[in-house]
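Subject: Structure handover and notes

Hello,

Here is the structure we discussed, with its sequence. My notes come after it.

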Amino acid sequence: MSEFLVNLLGERLVNGEKAEVDVHALGSKLSLLGLYFGCSLNGPCKQFNASLCEFYSKFKKSSEHKDKLEIVFISSDQDQKQWQDFLQEMQWPALPFKDRHKKMKLWNKYKVTSIPSLVFIDAATGKMVCRNGLLVVRDDPKGLEFPWGPKPFAEVVSGPLLRNNRQTADSSALEGSYVGVYFSAHWCPPCRSLTRVLVETYRKVKESGHKFEIVFVSADRSEESFTQYFSEMPWLAVPYTDEARRSRLNRLYGIQGIPTLIFLDTEGHMITRQGRVEVLNDPDCRFFPWHPRPVLELSESNAVQLHEGPCLVLFVDAEEEGELEPAKELIQPIAEKIMAKYKAKEEETPLLFFVAGEDDMSDSLRDYTNLPEAAPLLTILDMSARAKYVKDVEEITPAVVEQFVSDFLAEKLKPEPI
């Protein structure tokens, strides 16, 4: 276990007393590691930090599992003095201030998109145990549900569900259906826009004969807003008054922002977290139930995924629909191999794959990342790290792409700043 943690965190951490902490000495009993991503200048982080200190103190004093949990702070502070002052408020160690490379690797590996964020991982393997530790701290202040591992969807959603005609249905009615779990709220304009499209998607999928249902999990600020918003929806909802069940579903899927639309297969296993992108990109529902595709054509609706971790983007000289197919066929076998490798390890793919032609979206991306005008142009863009890797060669072959990807994953490439 310590070998894995050293690879993940490095050999030394630091604490508020400016003392070094040997990662090997974190404890042979350690089974769960909390990675706390935050910043001293962020108001919500300061607020959460106080709650986490109280939670941690109680857990270490009274839990029978006190030796099995440790937390490590991963800071995005830019000022060392502010970082050090914030660290003094904490009872757990942190990554050294200057270790920016490891910080960005952790941000990307665990798909952190906002702060504060607390993810719990298996200390021996690094596999995700719980994406939304903020809700653990809020909902389980005594740590009674340790280690907060994922439960089956059917168990978490269990109970009565509402229809907008005020009738109810038991959650068992979802068995054998594809399910969309829709985290949304009336006060959120992108949510309302997506809901209008999703109503049509729901109708088309149902009319095509598929067993399909959607469950609305509200983030509305009042029951009145929930009722008004839900009246526009032809599907089911978790009752607004059942805050505990709504929170458990948020925790199960690590929801960090809305709208989020997750699709599950008929066994309740996740198909994709990118339901919003899939629905907006596929108005005719041709790709239902939207299993992840190895390679995507870059578009305005899926460009948001560029900010969710490193992405390989192959820019080609193509203006018309269909002209991108040869580029997709070139990199698809490599993308499929990467997806299969990490799926077998039950880990998320460390790299997404896109092809981009000549359009306004591609031009904007080139301008933003200061890329040369060449085509074809093979790149890996890491927006959160503000880093890019560029392979400008006359001919892009499968061997060139495979070597480029291999070198990136082995950290052999030197990044350029975006």
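Below is what was found, starting with the sheet and moving on to individual side chains.

Please keep in mind that this is a predicted model.

The sheet and its helices

Six strands make up an open sheet, ordered β14-β16-β15-β17-β18-β19, with mixed pairing. The edges are taken by β14 (295–297) and β19, and each has a single partner strand, so one side of each has no neighbour in the sheet. Helix α11 (residues 325–344) packs on this sheet, where it touches β14, β15 and β16 (352–356). The direction of α11 makes about 175° with that of β16. Another helix, α13, lies across β15, β16, β17 and β18 (387–391), and runs at about 20° to β17.

Within the sheet, strand β15 (residues 311–315) and β17 run antiparallel and are joined by five bridges. As for individual partners, V313 is matched with T379 in β17.

A375, in the loop before β17

A375 sits in the loop that connects α12 (360–369) to β17 (377–382). Its relative accessibility is 39%, so A375 counts as partly exposed. Leaving aside residues up to four places away in sequence, A375 is in contact with F315, V316, D317 and R366. The C-alpha atom of A375 is 9.2 Å from that of V393, a residue 18 positions away along the chain.

Salt bridges

There are 19 salt bridges in the structure. Three of them are described here, followed by a network.

In helix α2 (residues 43–62), E54 and K58 are four residues apart, about one turn of the helix. Their side chains form a salt bridge with an N to O distance of 3.4 Å. E54 counts as partly exposed because its relative accessibility is 48%, and K58 is also classed as partly exposed, at 41%.

Helix α3 (residues 80–87) holds D85 and K81, again four residues apart, about one turn of the helix. Here the salt bridge between the side chains is 2.9 Å, N to O. How exposed are the partners, D85 and K81? D85 has a relative accessible area of 33% and is partly exposed. K81, at 56%, is exposed; the cut-off for that class is over 50%.

Which side chain does K105 meet in a salt bridge? The partner is E411, at 2.6 Å from N to O. K105 belongs to helix α4 (residues 100–109), while E411 is in the loop between α13 (398–409) and β19 (416–417), so this pair ties together parts 306 residues apart in sequence. Both ends count as partly exposed, K105 at 37% relative accessibility and E411 at 42%. Elsewhere, R138, D139, E145 and R251 are joined into one network by salt bridges that share partners.

A buried asparagine in α2

N49 is also part of helix α2. Is N49 buried or exposed? Its relative accessible area is 1%, so N49 is buried, the limit for that class being under 20%. Apart from residues up to four places away in sequence, N49 touches Y36, F86, E89, M90 and W92.

Aromatic rings

Searching the whole structure gives 29 aromatic pairs. One of them is F216 with F230, a stacked pair whose centres are 6.2 Å apart and whose planes differ by 25°. This pair links distant parts of the chain, with F216 in strand β10 (residues 212–218) and F230 in helix α8 (residues 223–230), 14 residues apart. F216 counts as buried because its relative accessibility is 0%. F230 is buried as well, with a relative accessible area of 4%.

Two arginines are placed over rings. The charged end of R100 sits over the ring of F97, at 5.2 Å from the ring centre. R221 lies over the face of W187, and there the distance to the ring centre is 4.1 Å.

Regards

Definitions and conventions:
Residues numbered from 1 in each chain as written. Predicted model: local features only at pLDDT ≥ 70, side-chain atom pairs only at ≥ 80, totals over all residues. Heavy atoms only, no water. Helix = DSSP H or I, 4+ residues; strand = E, 2+ residues; numbered from the N terminus. Buried < 20%, exposed > 50% of the residue type's maximum accessible area, 1.4 Å probe, protein only. Contact = heavy atoms within 4.5 Å. Salt bridge = Lys/Arg side-chain N within 4 Å of Asp/Glu carboxyl O. Pairing = 2+ DSSP bridges. Axes fitted to C-alpha atoms, helices over the stretch in contact; angles between N-to-C directions. Phe/Tyr/Trp six-rings, centres within 6.5 Å; stacked < 30°, edge-to-face > 60°. Lys NZ or Arg CZ within 6 Å of the ring centre and 35° of its normal.
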